[in-house]
2 protein chains.
Amino acid sequence: MEAWFFENQTGNFGINTRIKSILHHEHSNFQEITVYETYEFGKMLVLDNAVMFTDKNEFIYHEMLALIPLFSHPNPQNVLIVGGGDGGVVRECLKNPYVKHIDLIEIDKRVVELSKKIFPVVSSCLDDQKVSVLNGDGIDFLKTVNDHYDIILVDSTDPIGPAEGLFKRDFYESTVIALKNDGIFVAQTESPFFNENLIRDIHLIIGKIYKRSSLYLASIPVYPGGLWSFTVGSKKYDPKKINETYREFDFDKCNFKYYTPEIHNSAFILPKFIKELF
Amino acid sequence: MEAWFFENQTGNFGINTRIKSILHHEHSNFQEITVYETYEFGKMLVLDNAVMFTDKNEFIYHEMLALIPLFSHPNPQNVLIVGGGDGGVVRECLKNPYVKHIDLIEIDKRVVELSKKIFPVVSSCLDDQKVSVLNGDGIDFLKTVNDHYDIILVDSTDPIGPAEGLFKRDFYESTVIALKNDGIFVAQTESPFFNENLIRDIHLIIGKIYKRSSLYLASIPVYPGGLWSFTVGSKKYDPKKINETYREFDFDKCNFKYYTPEIHNSAFILPKFIKELF
């Protein structure tokens with residue numbers, strides 16, 4: 001059998017992955033959800049025909065979204081994850097020794113339910129006693145919060161469909177209010193090869209409303225062009241450096257697969273054509 | 001018209017690029033050569049159905065193969081390029097102020113001829129007075145050379161077809177003999193996501209026959225997984241550092257588009273799963 005999943009990533013460029021079977025398919029209230037069993041990557045979660053992650057490389061996105069802000073902050077007790085109902089980012093956050101509580105606000109509860117059923121490694125910490133999984137719209141939720149979180153992470157889909165509002169100035173401004181006065185905000189901000197304007201626009205907005213705005217990168221083979229960007233807004237701490245608090249911390253013990261203290265710094269070193277976006 | 005070029009990169013994973021037209025197609029004595037006009041990337045050179053480069057991102061591979069070894073060496077007067085008949089690596093080498101002469105040995109003269117005709121920006125320096133373009137087998141050529149080059153760069157296709165011998169120990173040993181006693185060797189060594197064994201094997205061999213063996217990375221969107229590796233063997237100088245000679249050198253003047261002095265260092269910082277290959 002030669003069955004291939006095709007994701008048209010830019011209109012004129014895309015990826016093909018050979019599939020063994022379709023493990024699940026549904027239209028939830030918010031999106032089309034498909035899980036494939038693939039030959040190359042194990043199981044693969046696809047939302048509205050865009051690959052979210054695969055068994056084989058989910059660690060990259062989840063580690064890099066969570067660990068850079070967490071290890072830049074000396075005491076990230078309260079964390080909010082907007083989106084990320086699969087649980088991968090929750091799992092990584094819990095590896096930071098100071099995290100006391102994580103709120104996860106996911107608009108589509110079917111993502112949470114399916115991840116628990118089909119992706120046990122990704123969803124393994126969703127039932128942890130430190131974690132509250134809330135079902136709702138992150139934009140509305142954030143309007144009710146003031147001076148509460150140390151870290152806000154936006155683990156969203158692309159800026160079309162249910163996640164569109166998560167790429168707007170109003171939303172970013174609500175994160176400033178919801179964070180404490182030394183808080184850190186991070187969002188996934190698409191591909192530096194194909195979404196230059198989006199990255200530039202977000203960088204400008206975050207730079208205006210946060211003390212620091214920085215971009216960092218990670219290599220993710222199933223995302224467009226294989227290189228992904230994350231934008232950080234920080235009120236106080238330098239996100240490019242591991243905070244002094246972790247001087248004695250044993251990073252090896254955590255069994256990270258992508259992140260290292262050296263990667264923490266080098267993820268912010270941008271190829272010239274990306275640096276010149278700003 | 002919805003016409004798409006498909007490259008099956010791993011057997012079970014590949015990329016699709018929408019094409020406007022087929023600008024050239026032939027079977028040379030060594031390989032199938034196709035040039036497409038694409039919507040996403042401009043013109044695209046494809047050998048044996050594997051993408052070599054596109055107008056839009058050829059600078060990444062060519063800069064990163066050439067500049068890392070050249071700027072690690074204090075006086076890289078004589079350079080050999082094995083393969084690379086398109087001329088992209090030649091163009092980057094000439095940006096180093098100490099380069100006096102470049103020999104390029106390309107097995108398939110049709111690549112040189114077609115690049116001059118179809119890729120004027122890539123091939124722009126092939127007729128430079130410092131450059132000798134030789135037509136022949138790099139493996140045979142290297143057997144005739146002793147203690148001559150400062151730098152040897154291997155700009156090859158994948159290790160199947162005409163380039164197979166460029167991934168073998170005999171060939172690497174001949175580079176040691178052909179280099180001066182402070183020479184540097186670099187080869188493209190495929191994808192860290194899909195060619196882990198190849199990378200590990202080459203690292204071991206290079207580590208035995210050179211004083212130093214190091215791996216560095218660059219993000220190239222049309223290559224498998226979007227992340228590419230290069231293996232360096234160095235007899236003396238640390239390839240991870242720009243040589244002291246260039247302390248006053250004006251890198252901005254060179255109009256590099258990917259390479260910067262910071263990228264020179266950070267390209268060697270490996271994600272943990274790649275570091276652990278060794």
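The following exchange concerns a predicted model with chains A and B.

Colleague: How are the two copies related?
Modeller: The model is predicted, and the relation is taken from superposing the chains. Chain B goes onto chain A with an RMSD of 0.0 Å, by a rotation of 180° and a shift of 0.0 Å along the axis. The two copies are thus related as by a two-fold rotation axis.

Colleague: Why do the copies meet through the same surface?
Modeller: The contact takes 30 residues from chain A and 29 residues from chain B. The copies meet through the same surface because the interface residues of chain B are also interface residues in chain A, at a share of 100%.

Colleague: Which element gives the largest share of the side of chain B that touches chain A?
Modeller: Strand S2 (13-27), helix H7 (261-266) and helix H8 (272-275) of chain B each give two or more residues to that side. By type, the residues there divide into 14 nonpolar, 10 polar and five charged. The largest share is six residues, and it comes from S2(B).

Colleague: In what sense do S2 of chain A and S2(B) pair?
Modeller: Five bridges join the two strands across the chains. Within this pairing, Asn16(A) stands opposite Gly14(B). The sense of the pairing is antiparallel.

Colleague: How far apart do the C-alpha centres of domain 1 and domain 2 of chain A lie?
Modeller: The domain assignment of chain A gives domain 1 as 3-54 and domain 2 as 58-275. The C-alpha centres of these two domains are separated by 23 Å.

Colleague: Which strands of chain A each supply at least two residues of the side of domain 1 that touches domain 2?
Modeller: The contact takes 21 residues from domain 1 of chain A and 18 residues from domain 2 of chain A. On the domain 1 side, the residues divide into 11 nonpolar, seven polar and three charged. The strands that each supply at least two of them are S2, S3 (32-38), S4 (42-47) and S5 (50-54) of chain A.

Colleague: Which helix gives the largest share of the largest nonpolar core?
Modeller: This core has 160 residues, and those touching the most other members include Met64(A), Met64(B), Leu153(B) and Val186(B). Apart from residues up to four places away in sequence, Met64(B) touches Ala218(B), Phe230(B), Tyr258(B), Tyr259(B) and Ala267(B). The largest share of the core is 10 residues, from helix H1 (residues 58-72) of chain A.

Colleague: Which strands pair with S9(B), and how many of the residues of S9(B) are buried?
Modeller: Strand S6 (residues 78-83) of chain B runs parallel to S9(B) and is joined to it by five bridges, with Ile81(B) opposite Leu153(B). Strand S10 (residues 179-188) of chain B also pairs with S9(B) in the parallel sense over five bridges, and there Val154(B) has Ala187(B) as its bridge partner. The partners are therefore S6 and S10 of chain B. Of the seven residues of S9(B), the number buried is seven.

Colleague: Is Leu166(B) buried or exposed?
Modeller: Leu166(B) sits in the loop between S9 and helix H5 (169-178) of chain B. Leaving aside neighbours within four places in sequence, its contacts are Val82(B), Gly138(B), Val154(B), Ser156(B) and Phe171(B). Ile139(B), 27 residues away in sequence, lies 7.2 Å from Leu166(B), C-alpha to C-alpha. Because Leu166(B) has 23 C-beta neighbours inside 10 Å, it counts as buried.

Notes
Residues numbered from 1 in each chain as written. Chains lettered and ligands numbered in written order. Predicted model: local features only at pLDDT ≥ 70, side-chain atom pairs only at ≥ 80, totals over all residues. Contact = placed C-beta atoms within 7 Å. Helix = DSSP H or I, 4+ residues; strand = E, 2+ residues; numbered from the N terminus. Nonpolar A, V, L, I, M, F, W, Y, C, P; charged D, E, K, R; others polar. Core = buried A, V, L, I, M, F, W, Y, C linked by C-beta atoms within 7 Å. Buried ≥ 20, exposed ≤ 12 C-beta atoms within 10 Å, placed from the backbone. Domains from an automatic or database assignment. Least-squares fit on C-alpha atoms with pLDDT ≥ 70 in both.
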